[in-house]
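Q: Please take a close look at enclosed space inside this protein. Describe what lines it, and then follow the contacts outward into the rest of the fold.

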Amino acid sequence: MRNLKTIFLAAGLALAAFSHAFAQESNENKVIITGVRFAYPLVDKWIREYTAANPKAQIAIETRTITDPAKYDLLIEAYDQEKEVKETREYISIGRYALLPVANAKSAFAKEYADKGLNEKTYKQIFFHDIYAEKDKSLNTPYTVYTRLQKAGAPLTFARYFGYEQQNIKGKAIAGADEHLIKALLKDETGITYTTPGLAYDLQSRKPLDGLTIIPVDLDGNGRVSKEEKALENLDQVIATLEAGKVKNVPVENIHFSIAKNNSNPEAKKFLLWVAANADKDLHQFGYLKADAKRLADEKEKLERFQAVK
């Protein structure tokens, strides 16, 4: 009987040890990602490819609401954080996104400005409360600006490009994510907003979304919108134009992953380096511009050193 008890005890201890080891391994392989929602389709593709090659990895996106989840490993963000935050995290800039003006295709604004386009003066008059901005007296077509209610990457980038802050954008402030601006605009025949190419275009057909008109802008800053600048019917052509040289009146910002410097999750670090090595091939498909090569190389080198720290 004593031998039988000994066997059961040994078996129980072995099972407990195995369960503990399994739980520990499971936790080590678990990675939670959160951040800017318009990047989720791209990140989801990377997760599927990474986990196919690394089946033990358990990587999931936890959707950001008004605030970030209580616990996460990786943050994908669409604007540069404050200096105090940046000092506590390691960053990898995996691509860039642009912001384009769009309007409800049925609107009088779309019909008029798909031809006239926007220059810096009309941009500021339409989107910002600025009593000192030079006025375009010919601007009398009705429109309704839609913008984000919460602090977010796209409105911050859009406003700061033109010398303002997010709270200076005028119009109807919509709660939710960037895609909710598009939904609101499509319901309002006077609606206009700013958005990313990945939300403005159908990623399969590469054409503007049904019901949406992409408004051309003065890309070279000469005060006029040329025939070439009005060529907006194909997403790949738009990306090529934006990558070809330094353009004006189109805000462009980095989209980056970051990880806390005190995060010791080895799977999160491994996934970040995998993304840095593999992101480039998917960026255009999802409407992004390629990352600045030197910045990416420098940040990847720092990340490799960080990965070596246990």
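**The cavity and its surroundings**

A: A search of the whole structure, which is a predicted model, finds one cavity of 30 Å³ or more. The space in this largest cavity is about 140 Å³. Its lining consists of 15 residues, and those nearest the centre are Leu219, Glu229, Leu232, Val238 and Leu242. Two elements each give two or more residues to the lining: strand E5 and helix H9 (235-244). H9 has the largest share, with three residues. By class, 12 of the lining residues are nonpolar, one is polar and two are charged. Glu229 is one of those nearest the centre.

Glu229 leads to the next residue, since Val217 is in contact with it. Val217 sits in the loop between E9 and H9. Is Val217 buried or exposed? Its relative accessibility is 6%, so Val217 counts as buried, the cut-off being under 20%. Beyond the neighbours within four places in sequence, the contacts of Val217 are Pro101, Leu118, Tyr123, Val225, Glu229, Lys248, Asn249 and Val250. A further relation is one of distance: Val217 and Lys116 are separated by 101 residues in sequence, while their C-alpha atoms are 8.7 Å apart in space.

Asn249, one of the contacts of Val217, belongs to the loop between H9 and strand E10 (252-260). Its phi is positive, about 65 degrees, although Asn249 is not a glycine. Asn249 counts as buried because its relative accessibility is 6%. Another non-glycine residue, Arg206, has a positive phi of about 70 degrees. Arg206 is placed in the loop between helix H8 (197-200) and E9. With a relative accessible area of 9%, Arg206 is buried as well.

Lys116 brings in helix H4, which spans residues 108-116 and in which Phe109, Ala110 and Tyr113 are buried. Down the axis of H4, these buried residues fall within an arc of 90 degrees, so they line one face of the helix. Their cover includes strand E5 (100-104), helix H5 (120-127), strand E8 (191-195) and strand E9 (212-214). E5 therefore has two roles here, as it helps to cover the buried residues of H4 and gives two or more residues to the cavity lining. Just after H4 comes Gly117, with a positive phi of about 70 degrees.

For comparison, consider an open space. The second largest pocket holds about 200 Å³. Lining this pocket are Asp80, Lys86, Arg89, Glu90, Tyr91, Ser93, His256, Lys261, Arg295, Asp298, Glu299 and Lys302. Strand E4 (89-98) and helix H11 (293-307) are the elements that give two or more residues to this lining. By class, the pocket lining has one nonpolar, two polar and nine charged residues, whereas the cavity lining has 12 nonpolar and two charged.

Two residues of the pocket lining, Lys86 and Tyr91, are touched by Gln81, as is Leu75, residues up to four places away in sequence not being counted. Gln81 is in the loop between strand E3 (74-77) and helix H3 (83-86). At 13% relative accessibility, Gln81 counts as buried.

The nonpolar packing comes next. In soluble globular proteins, nonpolar side chains tend to be buried together. In this model, the largest nonpolar core has 78 residues, and Phe127, Phe257 and Phe271 have the most contacts inside it. Helix H10 (residues 266-278) gives the most to this core, seven residues. Leaving out residues up to four places away in sequence, Phe271 touches Ile33, Trp46, Ile47, Tyr50, Ile59, Leu74 and Phe257. Phe257 thus appears both among the core residues with the most contacts and among the contacts of Phe271.

Some totals give the setting. The protein has 11 helices and 10 strands, and 48% of its 310 residues count as buried. Of the contacts between residues at least 6 apart in sequence, 78% join residues at least 24 apart.

Technical notes. Residues numbered from 1 in each chain as written. Predicted model: local features only at pLDDT ≥ 70, side-chain atom pairs only at ≥ 80, totals over all residues. Heavy atoms only, no water. Buried < 20%, exposed > 50% of the residue type's maximum accessible area, 1.4 Å probe, protein only. Helix = DSSP H or I, 4+ residues; strand = E, 2+ residues; numbered from the N terminus. Arc of directions from axis to C-beta. Contact = heavy atoms within 4.5 Å. 1 Å grid on protein atoms, 1.4 Å probe; cavity = no way out; pocket = protein on both sides within 12 Å on 5 of 7 lines; lining within 4 Å. Points joined across faces, edges and corners; volume = space filled by probe spheres on them. Nonpolar A, V, L, I, M, F, W, Y, C, P; charged D, E, K, R; others polar. Core = buried A, V, L, I, M, F, W, Y, C linked by side-chain atoms within 4.5 Å.
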